[in-house]
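Here are some friendly notes to read beside the structure. Take them one point at a time, and find each residue on screen as you go.

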Amino acid sequence: MFVDESGLSQHPHRCRTWSPKGQTPVLQYSFNWKTLSAVAGVRWNFYFRLYPGSIRSPQVIEFLSHLMRHIHRKLLVIWDGAPIHRSRVKNFVVQQKGRIELESLPAYAPELNPVKYLWSYWKRHELPNFCPKTFSDLSLHAIWALKRMRRRPELIVAFWKQAELF
């Protein structure tokens with residue numbers, strides 16, 4: 001299971017778009033500093049959790065517990081070397097008595113993680129130029145987008161193929 005985190009804010013992820021000839025598209029948004037963080041794990045399907053604010057060790061532990069409830073065998077988690085994957089998370093993994101193993105990707109190779117492609121698709125194809133009025137709008141649309149993506153197994157295959165190219 002490859003695992004990674006990402007985040008969104010009310011600031012739109014700007015992408016190229018269409019507009020009437022001679023008119024520049026304008027995105028109007030109310031920006032605040034609230035962030036919505038997401039963590040996902042990709043295998044043949046993907047599992048995700050959204051959290052307000054930043055992801056820290058307690059959220060990673062909660063996500064790993066979520067994975068263990070859905071996957072009833074030994075779990076190999078492959079992720080980057082972010083600081084939140086240390087200390088308390090490693091203590092939690094030790095308490096699981098071999099049910100979870102952790103491996104880190106090389107620091108110079110984030111493109112090997114298929115979850116990076118999931119986040120890219122999420123922001124560029126599911127939520128491009130999206131200007132939510134409230135934080136709850138952002139949360140709701142982010143969940144809907146991830147659920148839509150999960151119903152498309154060809155996307156998950158594409159994320160794996162993209163990671164294999166490197």
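1. Let us begin with Phe63, which is found in helix α1, residues 57–70. Please keep in mind from the start that this is a predicted model. Is Phe63 buried or exposed? Phe63 counts as buried, because its relative accessibility is 1% and the cut-off for buried is under 20%.

2. Now look at what surrounds that side chain. Not counting residues up to four places away in sequence, Phe63 touches Val3, Val39, Ala40, Gly41, Tyr47, Phe48, Arg49 and Tyr51. One of these partners, Tyr47, is 16 residues away along the chain, and the C-alpha atoms of Phe63 and Tyr47 are separated by 9.0 Å.

3. It helps to step back to the whole chain here. The secondary structure comes to five helices and five strands. Starting at the N terminus, the order of the elements is β-β-β-α-β-α-β-α-α-α. Of the 166 residues, 41% count as buried. If you take the contacts between residues at least 6 apart in sequence, 70% of them join residues at least 24 apart.

4. Next, go to Ile78 in strand β4, residues 75–79. Ile78 has a relative accessible area of 18% and is therefore buried, since buried means under 20%. Which residues does Ile78 contact, leaving aside its neighbours within four places in sequence? They are Met1, Phe2, Val3, Glu103, Leu105 and Asn113. You can also find Val42, which is 36 residues from Ile78 along the chain; the C-alpha atoms of this pair are separated by 9.9 Å.

5. Asn113 deserves a stop of its own. Asn113 sits in the loop between β5 (100–104) and α3 (114–126). Asn113 is buried, with a relative accessible area of 1%. A polar atom of the Asn113 side chain lies 3.3 Å from the backbone oxygen of Val3. Leaving aside neighbours within four places in sequence, the contacts of Asn113 are Phe2, Val3, Asp4, Ile78, Leu105 and Ala163. You have already met Val3 as a residue touched by Phe63 and as a contact of Ile78.

6. From Asn113, move on to helix α3 and its packing. Two packed helices are described by the angle between their axes and the distance between the axes. For α3 and helix α5 (residues 153–164), the angle is about 125° and the axes are 8 Å apart. That angle makes α3 oblique to α5. In this pair, α3 passes α5 in a right-handed crossing.

7. Which residues make the contact between α3 and α5? On the α3 side they are Pro114, Tyr117, Leu118 and Tyr121, and on the α5 side Leu155, Phe159, Trp160, Gln162 and Ala163. Sorted by class, this contact has eight nonpolar residues, one polar residue and no charged ones.

8. Helix α3 also packs with helix α4, residues 135–150, at an angle of about 115° and with the axes 11 Å apart. Here too the crossing of α3 past α4 is right-handed. From α3, the contact involves Leu118, Trp119, Tyr121, Trp122 and Glu126, and from α4, Ala142, Ala145, Leu146, Arg148 and Met149. These residues divide into eight nonpolar, no polar and two charged. Notice that Leu118 and Tyr121 appear in this contact as well as in the contact with α5.

9. Please look at Val93 in helix α2 as well. Val93 is buried, with a relative accessible area of 10%. Beyond its neighbours within four places in sequence, Val93 is in contact with Leu64, Ile100 and Leu102. Leu64 is 29 residues from Val93 along the chain, and their C-alpha atoms are separated by 8.9 Å.

10. Finish with Lys97, in the loop between α2 (88–95) and β5. Is Lys97 buried or exposed? Lys97 is exposed, because its relative accessible area is 77% and exposed means over 50%. The backbone is worth a look too: Lys97 has a positive phi of about 50° although it is not a glycine.

Note on methods:
Residues are numbered from 1 along each chain as its sequence is written. This is a predicted model: local features need pLDDT of at least 70, side-chain atom pairs count only at pLDDT 80 or more; totals for chains, interfaces and linings use all residues. Side-chain values use heavy atoms; hydrogens and water are left out. Helices (H or I, at least four residues) and strands (E, at least two) are DSSP runs, numbered from the N terminus. Buried means under 20% relative accessible area, exposed over 50%, partly exposed in between (1.4 Å probe, protein chains only). A polar contact is a pair of N or O atoms within 3.5 Å; within protein, one must be able to donate a hydrogen and the other to accept it, and residues adjacent in sequence count only if both atoms are side-chain atoms. Contact means heavy atoms within 4.5 Å. Axes are lines fitted to C-alpha atoms, for helices over the stretch in contact, and angles run from 0 to 180 degrees between N-to-C directions. Angles under 35 degrees count as roughly parallel, over 145 as roughly antiparallel, 65 to 115 as roughly perpendicular and the rest as oblique. A crossing is left-handed if the near helix is turned anticlockwise from the far one by less than a right angle, and right-handed if clockwise. Ala, Val, Leu, Ile, Met, Phe, Trp, Tyr, Cys and Pro count as nonpolar, Asp, Glu, Lys and Arg as charged, and the others, Gly among them, as polar.
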